[in-house]
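Thanks for coming. I will take a few minutes to walk through one structure, and I will start with a pocket before turning to cavities, a helix and the confidence values.

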Amino acid sequence: MTTSLLRHKPTLLSRLIRFGVWASLLIVLGGMPATIRAANPNKVPVLLSETTSTRAIAFESVTMRPEPFPVTSTVQFSPDTRTRVAIFAMNLELLAGESASAFSADAEDAARTIYPMKVEYVGQVPGFPGISMIIVRFNDTMGDLGDVLVRLSLHGVASNRVRLAIGHTDPPGGAPFDVGAVPTPAPQTPPPADLLANPNPYTDPAFASGNDGIRFLEQATWGPSDADLNYVRQNGYASWLAQQFSTPPLFAATQSNYPTPDNYPTVSSVGCPTGSLPTCGRDHYTMYPLQIQFFQNALTRPDQLRQRVAFAFHQLIPVSGFDLNNQPAWVAPTLQVFDRNAFGNFRTILMDVTLNAGMGEYLNMRGNTRVNPNENYAREVMQLFSVGVDLLNQDGTPVLDAQGNHVPTYTQADITNFARVFTGWVTAPNKLWVVDGVTGVPNYTDPMVLQNNFNGTYDIGQKTILNGTVLPACTNCTTLANAQTYKNNELNLAIDNLFNHQNTAPYVCTQLIHHLVTSNPSPAYVGRCSAAFNSNRTSPVQMQEVIKAILFDLEARGDSKNSPSYGHLREPLMFATNLLRTFNATSDGNISSNGTRSGLITEMGQNLFNPPTVFSYFPADFILPGTVLFGPEFGILDTSTTYKRANFVNTLFLANSGNGLPASPPDRPTGTQLNYAAYQNLAGNAQQLVDALEARMTHGSMSSTAKTTIVGSVNGIAANDPAGRTRAAIYLIATSSQYQVEK
């Protein structure tokens, strides 16, 4: 592409002079070196148009022909026949090493259909150091569309939109869907070279002074409380992160925010015989105790970042109470693994969950034997927990074969051989229990151990696993001690094989970015996270560097992210906790229950610690209907759950005289109360009230049209009812799509 551009530079020059109205220009064959400066996360790209219209400065990148552009190029250099078009932009700020993979582009036609387009090349225009040429490939589904509006996004920030004609040019007024748009011609004086952004550690509190302070805490906590917001605005993000890394969890013995429940008999009528407390079944045979603990932690505990990262790992590597006898004692140790290692090393997580008794029960590794190997855990530890199904580049894009097809990460033989590795482990010796003649109960607190009888149980033969790694057969497994030493060593080699696989960094990074920041990160963003993962593989605090890479990235930071592909739907738990922490809720912790344990959160589609499948609460690869965009949380959003989300806000702020959730013993002994007095003091002026609430709840991202509508609704409530005005404004903002989709 560069050679083609240089070969036709006089044509390019004439078009830029014509539409840019530059008096004189000096042609050079190379771009001018960029100056390095601190990153500006709020910089907005500008696509260049003609002087008197919003038509793009553009040409077909191969033939140099102007619009209208054919959907199929007349000159082919590869089997791919789709047309590539060069458009031009300024005001770009790239990080060192960033190129086309940092950008996304889309086109909208007159029918409002949006087509994503791949950005294939970005480079400075020779002689115009502040102008970049962007080459985009037409989407396969594009036909003779006529005028479309093209937009470019970089680091989550969208440019203006310029017109392109595909197939034919619409007459003036033929597709007036950019009414109000203004031309964006190149300036009279050629702009200087774009500055090269230098990643900033965000030690300066000024970065948190605006809307990004709230955005940062939405990504890193269960909701931006007043205390956390004040801290980051006074001390900066880096200081807050350092504080989070050093804040201990609630229970020192297990380095976790979850207690270690007592193991109970598998039969509830034995564990809770006639005459037991009425709450016995609730406390020992439902997820109620862990759900209560979760909400108490989320609302009150200071180690917010640990909780967010640990819950992301729970979603990546789930177990479900439904499948674990509904016993909190069988689920809690898995949650402890994620708490304990949220700031540690991912290899430790893989090892600990592999030997976790709850996981052993959930995915059938417990009791797995040589004569009857079960492949369930072997399959899922690769497919979902570590490497994924397709071979990946380090930026998360798929590796393609010569025919353009995805390359599988593993084969059935890999599954079979990993299943052979995972043979011989059983639950640790039973816990003492002496009630009604039962002398012991299964032990799901401690890690699994190798069975004492290894004949027919341990597979000690040679195995070949990922990337052709050979695990040698045991040559001296004639005693139990030797066999157990061999199996432990073999397991370590198998975990190393998964941890060190080329896919693990981009796969894990993509999942964490999805949960913390955005569902559609650019490949460049994923690549920077992968680099942090890989360069810290041997570090005991590997995940701290990965977390910094995710939260400090230029694509994560900034006061406003307006790209249509940026952000993610607030899953029900995040939806609830953000509202509660924003309005300083006090609670006994039972937000998941409405007193009968049918579940307010459950009704919104997320039954805490009871994910319906091994794919967790929602499928990580869910595609928004009618798009090619990932939207995992939308996998549990339908007409019913949309209504339930609005009903949840109504229950908190409008029902019960706006006093939150009432007490309902025994499940909700004190209920949940909210505090919005600071906003109620502004209720005399509807505009001021809505402005203050919108600034805090959507950090300035709500459209002016939506705000105007809400102000009108608030003005319809009597001024002498400040509480009613405040609650109504909160309800209208919280139930809007612009709040529920977190950007």
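Two elements, β17 (568–569) and α26 (737–740), each supply at least two residues to the lining of the second largest pocket. Before I go further, please keep in mind that this is a predicted model. The pocket those two elements help to line, the second largest, has a volume of about 360 Å³. Its lining is made up of 24 residues, and the ones nearest the centre are Pro 564, Tyr 566, Ser 737, Val 741 and Lys 743. Sorted by class, the lining of this pocket has twelve polar residues, nine nonpolar and three charged.

Now the enclosed spaces. How many cavities of 30 Å³ or more does the structure hold? There are four. The largest cavity has a volume of about 110 Å³. Lining this largest cavity are 13 residues, and those nearest its centre are Tyr 258, Gln 307, Ala 310, Phe 311 and Asp 339. Three helices each give two or more residues to that lining: α8 (288–300), α9 (304–316) and α10 (328–341). Which of them gives the most? That is α9, with four residues. As for the character of the lining of the largest cavity, eight residues are nonpolar, four are polar and one is charged.

The second largest cavity comes to about 70 Å³. Its lining includes Asn 40, Pro 41, Lys 43 and Pro 45, together with Asn 91 and Glu 93. Leu 154, His 155, Val 157 and Leu 554 are also part of the lining. By class, that gives five nonpolar, three polar and two charged residues.

Next, a helix. Why can we say that α3, residues 211–220, is largely enclosed by the rest of the structure? Because nine of its ten residues are buried. The buried set in α3 is Asp 212, Gly 213, Ile 214, Arg 215, Phe 216, Leu 217, Glu 218, Gln 219 and Ala 220.

Last, confidence. The protein chain has a mean pLDDT of 90, and 92% of its residues reach 70 or more. Where does pLDDT stay under 50? It does so over residues 1–34, and for that stretch the model has 65 contacts beyond four places in sequence.

That is the end of my part.

Key:
Residues are numbered from 1 along each chain as its sequence is written. This is a predicted model: local features need pLDDT of at least 70, side-chain atom pairs count only at pLDDT 80 or more; totals for chains, interfaces and linings use all residues. Side-chain values use heavy atoms; hydrogens and water are left out. Buried means under 20% relative accessible area, exposed over 50%, partly exposed in between (1.4 Å probe, protein chains only). On a 1 Å grid over the protein atoms alone, a cavity is a set of points where a 1.4 Å probe fits but cannot get out, and a pocket is an open set with protein on both sides within 12 Å along at least five of seven lines; lining residues have an atom within 4 Å of a point. Grid points are joined across faces, edges and corners, and a volume is the space filled by probe spheres set on the points. Ala, Val, Leu, Ile, Met, Phe, Trp, Tyr, Cys and Pro count as nonpolar, Asp, Glu, Lys and Arg as charged, and the others, Gly among them, as polar. pLDDT is the predictor's confidence in each residue, from 0 to 100. Contact means heavy atoms within 4.5 Å.
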